[in-house]
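Trainee: I would like a close look at the charged side chains in this model. Please take me through where they sit and how they pair.

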Amino acid sequence: MEKENKLQLEIVTPYGLILSEDVDEVTCTGSEGDFGVLPGHVPFFTTLKIGMLAYKKGNTTKYVFVNWGYAEVGPDKVMVLADSAEKSEDIDVERAKAAMKRADERLKKAEEFDFARSSSSLERAVARVQIGEKFR
Ligand code: ATP
C-alpha cells in the first residue's frame with residue numbers, strides 16, 4: 001500500500017549502481033530544462049546535462065551530482081543512466097577543486113587542448129564543488 005505512492009529511483013553508471021531507493025519526488029537537470037517527477041507521472045525519456053539531481057524522502061531532500069546521461073520516467077520509477085554520478089556526501093571536494101584548476105589551466109592554453117573536453121571537465125568540477133560543499 002505504502003509503496004504505491006513511491007517512485008523507485010535508480011542511478012546507474014559504468015562504475016556501478018550509485019543509488020536505488022524508494023522516494024517521494026525527484027528533480028533532474030534535463031537537457032531541455034529542469035523537471036520534477038511525482039508518482040503517477042506520464043512516461044517519458046530525456047537526456048540529462050551535467051548537474052544536480054535532488055530527491056525527497058519524507059521531509060529530507062538529498063542531492064546527487066550527475067554527469068550527462070538519460071532518464072527514463074514511468075509512473076512508479078525514475079531510472080537514470082549516467083556517465084558518472086556521486087551522492088553529495090561521496091563527493092571529494094578537494095579532488096574536484098584540483099580538477100577545476102587543471103581544466104582552467106587547459107582552457108587558458110586553448111591551442112594545445114581540446115576546448116570541448118576541457119570545458120566539460122570544468123563544468124563537472126564546478127558542479128561537484130557546488131553540490132559537495134553545499135549539500136553535504
Ligand atoms: P577527475 O579529473 O578528478 O578524474 P573526472 O570528471 O574526469 O574527474 P569522471 O570521469 O566523471 O571524473 O569520473 C571517474 C570516476 O571518478 C567516477 O567513478 C566518478 O564518480 C569518480 N569521481 C570523479 N570525481 C570525483 C570527485 N570529486 N569525488 C568523488 N568521486 C569522483
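What follows is a walk through the charged residues, starting with a patch and going on to the pairs.

Mentor: Keep in mind that this is a predicted model. Start at the surface, where R95, R102, R106 and R117 gather in a patch of positive charge. Helix α1, which covers residues 93–108, supplies the largest share of that patch, three residues. One residue to look at here is R106, which has its place in helix α1. R106 has a relative accessible area of 33% and is partly exposed. A residue must have over 30% relative accessible area and no salt bridge to be part of a patch.

Stay with helix α1 for the pairs of opposite charge. D104 forms a salt bridge with K108, and the closest N and O atoms of the two are 4.0 Å apart. A salt bridge requires a side-chain nitrogen of Lys or Arg within 4 Å of a carboxyl oxygen of Asp or Glu. Both D104 and K108 lie in helix α1, and they are four residues apart, which is about one turn of the helix. The two partners differ in how they are classed: D104 counts as partly exposed at 35% relative accessibility, whereas K108 is exposed, with a relative accessible area of 66%.

That pair is one case from a longer list, since a search of the whole structure finds seven salt bridges. Another of them joins the side chains of D24 and K6, at 2.9 Å from N to O. D24 is in the loop between β2 (16–23) and β3 (25–30), and K6 is in the segment before β1 (7–13), so this salt bridge ties together parts that are 18 residues apart in sequence. As for cover, D24 counts as partly exposed because its relative accessibility is 24%. K6 has 17% relative accessibility and therefore counts as buried. The cut-off that matters for K6 is that buried means under 20% relative accessible area.

The last pair to find is K77 and E72, whose side chains meet in a salt bridge at 3.8 Å, N to O. K77 has a relative accessible area of 30%, so K77 is partly exposed. E72, at 35% relative accessibility, also counts as partly exposed.

To go back over it on the model, begin with the positive patch of R95, R102, R106 and R117. Then find D104 and K108 within helix α1, and finish with the salt bridge between D24 and K6.

How values were computed:
Residues numbered from 1 in each chain as written. Predicted model: local features only at pLDDT ≥ 70, side-chain atom pairs only at ≥ 80, totals over all residues. Heavy atoms only, no water. Patch = residues over 30% accessible without salt bridge, like charges linked within 9 Å, V, L, I, M, F, W, Y side chains within 5 Å. Areas by Shrake-Rupley, 256 points an atom, 1.4 Å probe, with all protein chains shown as cover. Lys, Arg positive; Asp, Glu negative; His and termini not counted. Charge placed at Lys NZ, Arg CZ, Asp CG, Glu CD. Helix = DSSP H or I, 4+ residues; strand = E, 2+ residues; numbered from the N terminus. Buried < 20%, exposed > 50% of the residue type's maximum accessible area, 1.4 Å probe, protein only.
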